[in-house]
Amino acid sequence: MNALPWTIYFSFAGALLALVAGTHSAAVARRVALTTALAGLAAAALAAARFVPGPGMQDLQDVAWIPELGIRYHLAADGISLTLVLLTGIAATAGVLFSWNIEERVGEFFALYFALIGGVYGVFLSADAFVLFVFYEIAIVPKYFLIANWGSTNREYGAMKLVLYSFVGSALVLAGLLWAYAAGGGKSFALADLVRTAAGFSRTEQLAMFALVFLGFGILAGLFPFHTWAPTGHVAAPTAASMLLAGVVMKLGAYGCLRVAMPMFPAGLAFWQPAIAWLAIAGILYAGLVALVQEDFKFVIGYSSVSHMGFVLLGLASANPRAVSGAVLQMFSHGVIAGLLFAVVGRMVYERTHTRRLADLQAMPLHRWLPFPALVFVLAGLASMGMPGFSGFPSELTILIGAWKTSPVWALCAGAGVLVAAAFTLRAIQVAFFGRANRHEAPSHRIEAELRTDDNVETTPALATPHHPYAPISWPEKAGALLLIAATVYIGLRPDFLLRWITPALESPMLQAILKGGTP
Amino acid sequence: MNVAYGDLLRAFLPETCLVAGALLVLAVDLATGRRRARPERMATAAVVGAIAVLAAALGTLAMGTSGAAFGGVLVLDSLSVATRLGVLLLAFLTLLLVGPLVRLPHPAEYVAVLLFATAGLTMMAAAQQLLLAFVALELASLSLYILAGFDKSRPDSAEAALKYFLFGGISAAFLLFGFSLIYGLTGSIELPEIARTLATQPPGPLLAVALVMVLVAFGYKAAAAPFHLWAPDVYQGAPPSSAALIASASKLAGFTLFVRLLWGGLAAPPGVPSWGAVAAILAAVSLLLGNVAALAQTNLRRLLAYSAISHAGALLLGVIVAGRAGPGPLFYYAATYGIATVGAFGVIAVLDRAGGCQTIADLAGLHRRSPLLAGCLAVFVLSLAGIPPLAGFFGKFVVFAEALRAGGLAGAPGWLALLAIAMSAVALYYYLQILKQALVAPASPIASRLAVPATAAAALVAAALLLLGLGLYPSVLLRLFVSG
Amino acid sequence: MNQVPWLSLVIFTPWAGAVLLALLRRAHPHVCRTLALGFSLSTLALSLFLLARFDPGRSGLQFPELQVWISALNVHYRLGLDGLSLILVLLTGLVAPAAQLASWRLGHSVRLFGLLLLLLQGAALGVFLALDFFHWFIFWELSLVPAYFLIKFWGGSGASRAAYQFVVYTIGGSAFMLVGFAALFGATGTFDFLELARRAAEGEVAARLGPWGVRAVFLGVFLGLAVKVPLWPLHTWLPPAYAEAPTGVSMFLTGVMSKMGVYGFLRILWPIFPAELHAAAPCLIVLALGGVVLGAWAAMRQTDLKRMVAYSSVNHLSYCLLALFAVAHATGRPGLSSPAAASALSGTLLQLFNHGLSAAALFHCVGLLEVRAGGRRGLDDFGGVRTVAPVLAGFCGVAMFSSLGLPGLNGFVGEFLIFRGVFGLAPAAAGIACLGLLATALFLLTFWQRVFHGPTGASVAGWRDLTLVEIAPLVPLTVLMFVLGVYPQLLAGLINPLVTAWAGHLVLP
């Protein structure tokens, strides 16, 4: 377990190293970045291998930091943290691989990238609300520069919107936490202590504080109707940043909701539960429907992220062990899948075709020109639809089971979301990659082709333009895609791998108090 | 009272060092300056001045916190020692920037006046008597007026000095009027004595008038809305090094004096202090107006001025909560704010020398022209914005935490804290506008690489590292105030 | 007792073939074809092997496999085979190689085609053998993916739209089923079909879900299955999908995939929700009748031969559902005649198999006509084909009459048993269903007459008759049509114990 804090330190050290290396050579900076990401992943994997699941957070580091305010630098982890740290490691590694082609200000890019990653690792490992908040804010600012510097469409607007939304969210969190800290006597910021003191607050206070903190974190998790930063930001961001933003950073919000807002204010949770659930459902359906009519390929994926995060929030709002374990699983699953989708759209396709308009893509036989991205996108799309065999399925299923326990109507509405997800994903697959797959949509004659007895002709010449203008898929792209696909398929077939960490974590006293319905 | 001049010298050791240093600067320049070029003279003056500042700092440390000195005129508690050191640090950083960067006529005089201003500020930090406070304040203010108008080649520098002087003069008048009323009410000019007397008196209208006078005067000094009107013009027109001192050290010393005056002298012990409501209103208006007006700025220095106004609001909140929480949070906030501001003006000074830096757009492409400068600017601006792990974040955090600890949302401080938190999101927008130009926007084709002089670079890096270090280990400063 | 995981082998051999094809990137198309055919034949071989070791006397599941899979969700990897599964596996074993053979002349991307068809085959087999919702649903949903691409890539001019419609409809249904099973799991903590059926029989499911909950869950699962079958009026995706798909895929879709829905009704819906099915049966009978009558009626109005056959599929599968609903309707009725129920149920099972054979053969014949006519397949585009291509006409005729239910051919037995059973259980419904029989006879005879008889059309002149490759898939199908027509016991023997067991449990708990 003691390897886990190193994920944070590796990342920050890697950020500095990359910055220095970048002044000399881009290639060295890239290697530094890959090494850093792999070191983080290795630390996470090592910790995972030695992890003994159990209820409660297992201490990693605990030293006095600011004794004047009762703040300790306290890192700890349980199965939930570990799951998300592992996700971060995977997403970070894949992100580096998909950023291999960045040529401009490479060192700075990776420095900001790993500053963000370090913050993310930190949030997942904090056991002190102040530490958590500090890491949370550290993760915000690099996003702006990553998007504004290396982004594409409308990047400065997207970056500013995203960062301001995040910051407003964190301001709400700060207000709520400070209030709770002060009202509890101002002795300690340890989560456990905050939970204990918050139990003594009046109902009104709990309701208000919960609303502040949950909404603050919820904004970052893409809670409808505060989700609008997500699509614009994700679209504007460079590929690796989109992958991280949708894949990991949105999870920070959900994690904050689960780790901070919900245990601290059970009364608030009970009161706001239906509202959150309905907002989550509205997010699932609304974002899904909006994704269905997008003209920009990346917007489809951007909205799909919001829709999928709706499932996470629904799982949290259902507040029973089953649903919450599903929500955590979905966090992992969506992290991997969103990364994959953005990688295909942003890196593999856009950087070659330089268009993301679906209408333009439809006019190209992309599945022939770029067969590997087409295959990856089909797999990622299936995973995103919640197709069984991929990680989206067990997680959404588990969430639905849990949601049904709390309210069957929620589960039914969310089920409609699965359908919408299938529709927009399928549309994206069909239009973007297979727009001219069918020979009748291109000038050629099927029957003639079918009657040809010449067995050597694999493809009809009219379509198979052998010399397309695009660079071949490079090894980092393949490696990144394979890493993510392996993750989603493995978890799809063996969700137990993560669930055996997550389920015991939900039995900690802190969480058990708010999760109704006993152990799953 | 018998004046023991030995005592006096010891109590004013730092000021003595500074004044002696100022005279030395003048003397050296007189002796050697005629034959040398102006940059060389400026460098020499700055080096001598920096040595004087270091000597003053050593003097401050040597005296330690020895309590009331010189018959209660001065107090050497942890707050005054810390403030003196803070002021000296900020002056030192400014001098490092002044040496290689500032191209003014009469370099020695500039440094000497700067040292006089510093002496006034250190004196303010320790004053515990109305008369000394006023004298110190005026010494500092008059020096700062001169510093603001030192660049005689530029009309806006003169305009800045004139505005600053007029507003400052009015505020001095208010302050003096307030002080005389207090003296009339209590028969004393010593703060502890005033507090004792006021505690036995029922609050009367005369006291209210006096308090309002004092608050208005400090509102002017601290550039709190609605008395902020001079600040944008001064920040814009004054030479960057002068603006740096005005924005940083004078704020730090001013707020120290303010908190000592209000809590040490004018706090009627039972219940809420009577000036609390006025201060709260000033804080709220400053927070709102500073942040909102900053959104509309295109001039970098005016933007920093409005941001200073909003920070003044937060600092006033720190003053309000200092009664319960002690001056620690306020000092931490003011000191780290000062470091960040000096740094920001230092960057402006470097750019100014290379061809002018007025609008935000002048920062465009800074990351290409000088990565070091861009990186440092990012640290300063993010610290001002309150982003962890930089010190600006923790300053806000601790002030807001204390404000809420002072009674949750039952009292004004709690709500002010919430307002300030909300406004910090607004503030991020304009701070990011600065950083967008510096770190994202492409350089204009005619812009060349910037050469940053070594001492200036050292000063900026030191300031940035200080912000990072103090942000990571805020206890270094907070610890000073726990027992004291 | 059995160390070799025979059933897993059945499922995964085609997938192994698909993987192999995926790896052979530069293989000659002919090699690809042969490999694909070989792997698809593995199912036939294994199912014949299973048939030999199958004990028809037992109604329980044989060749069981059980592994803990996801302990947190109480999911087990559970496979088993009974008579119902066995005949469907056999059917797959027959139709899948036939579909591969029917696509022998495919012009392009042979490797990909074979690969996808093998994937589809494996998924279908998985559906017939899986006994736990978790992996059953994996197979169920994964079958859509290859089907989608097969229709889209190799289909006709409207294929993209048809494929999209097909998948969205089916996933739409599945989404409701998914929610339904989520609720079931929430109530019972298990995904195991048999366990769920057992608890349902004890009344535990209904008690845990509450009266409205159990209805909602029933409706969800029902929708998922009904779209797949499809039950009228949820069938609108089917005609375009079948008509636009390439011949081999149409064969597989109608021959095997349409059976997945009916299988789901028999394996899942009926055992787990007997009371709800009973309650809903009157409405459902009406819907099934809608399929029978309107399906046939619509077929009669078609001028496109493929769409005609597609509608006839709707009609034929509706017989199966009609029988099942009639049995469910009659469940628990005092005067329930068990023989009638048994007859209806065995009719259903036989009809599943027989329809698979005859519909696949019919689609193949229409495909052959289409290829010869240069892509046209209108009812009036032909004429006098019998004189030009007598062999084709002969095979097509057999398939058609089998489909029509001519005594002596296999189709007759199933339909006869269904009608006999339904007459005993719901006479009025059987009466109305006769209209469907009539319409079927009408449109098939019209087909026969317009296409094969009359003066030789201009477009028909000079046709080749069937080649060996084209005959190959038809021969085993046709032979079986005759054999099963004459000796239905061959098949019925496999399912009789099962049907008897089912019919014996028809008293509601």
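Start by selecting chains A and C of this predicted model: 41 residues of chain C are in contact with 42 residues of chain A. Now colour the helices of chain C. On the side that touches chain A, at least two residues each come from α2 (29–53), α5 (133–142), α6 (144–154), α7 (159–188) and α9 (204–228). If you want one helix to zoom in on, take α7(C), which gives the largest share of that side, 15 residues. Switch to colouring by residue class and the side of chain C that touches chain A splits into 24 nonpolar, 14 polar and three charged residues.

Next, hide chain C and stay with chain A. Select α4 (residues 106–125) and α11 (residues 239–264) of chain A: their axes come within 10 Å and cross at roughly 25°. Angles under 35 degrees count as roughly parallel, so α4(A) is roughly parallel to α11(A). The crossing of the pair is left-handed.

Turn on side chains here. From α4(A), pick Y113(A), L116(A), V120(A), V123(A) and F124(A); they meet A240(A), L244(A), V248(A), V249(A), L252(A) and Y255(A) of α11(A). Which classes turn up in this contact? Eleven nonpolar residues, no polar and no charged ones.

Last stop: show chain B by itself. In cartoon view, look for 22 helices and two strands. Its C-alpha atoms fill a box of roughly 70 × 55 × 40 Å along the principal axes. Chain B has a radius of gyration of 21 Å, which agrees with the value near 23 Å for a compact globule because the chain has 484 residues. Colour by burial and 63% of the 484 residues in chain B come up as buried. Try a contact map too: among contacts in chain B with a separation of 6 or more, 80% join residues 24 or more positions apart.

Methods:
Residues are numbered from 1 along each chain as its sequence is written. Chains are lettered from A and ligands numbered from 1 in the order in which they are written. Two residues are in contact if their C-beta atoms, placed from the backbone, lie within 7 Å. Helices (H or I, at least four residues) and strands (E, at least two) are DSSP runs, numbered from the N terminus. Ala, Val, Leu, Ile, Met, Phe, Trp, Tyr, Cys and Pro count as nonpolar, Asp, Glu, Lys and Arg as charged, and the others, Gly among them, as polar. The radius of gyration is taken over C-alpha atoms; the globule rule is 2.2 Å times the number of residues to the power 0.38. A residue is buried if 20 or more other C-beta atoms lie within 10 Å of its own, exposed if 12 or fewer, and partly exposed in between; C-beta atoms are placed from the backbone. Axes are lines fitted to C-alpha atoms, for helices over the stretch in contact, and angles run from 0 to 180 degrees between N-to-C directions. Angles under 35 degrees count as roughly parallel, over 145 as roughly antiparallel, 65 to 115 as roughly perpendicular and the rest as oblique. A crossing is left-handed if the near helix is turned anticlockwise from the far one by less than a right angle, and right-handed if clockwise.
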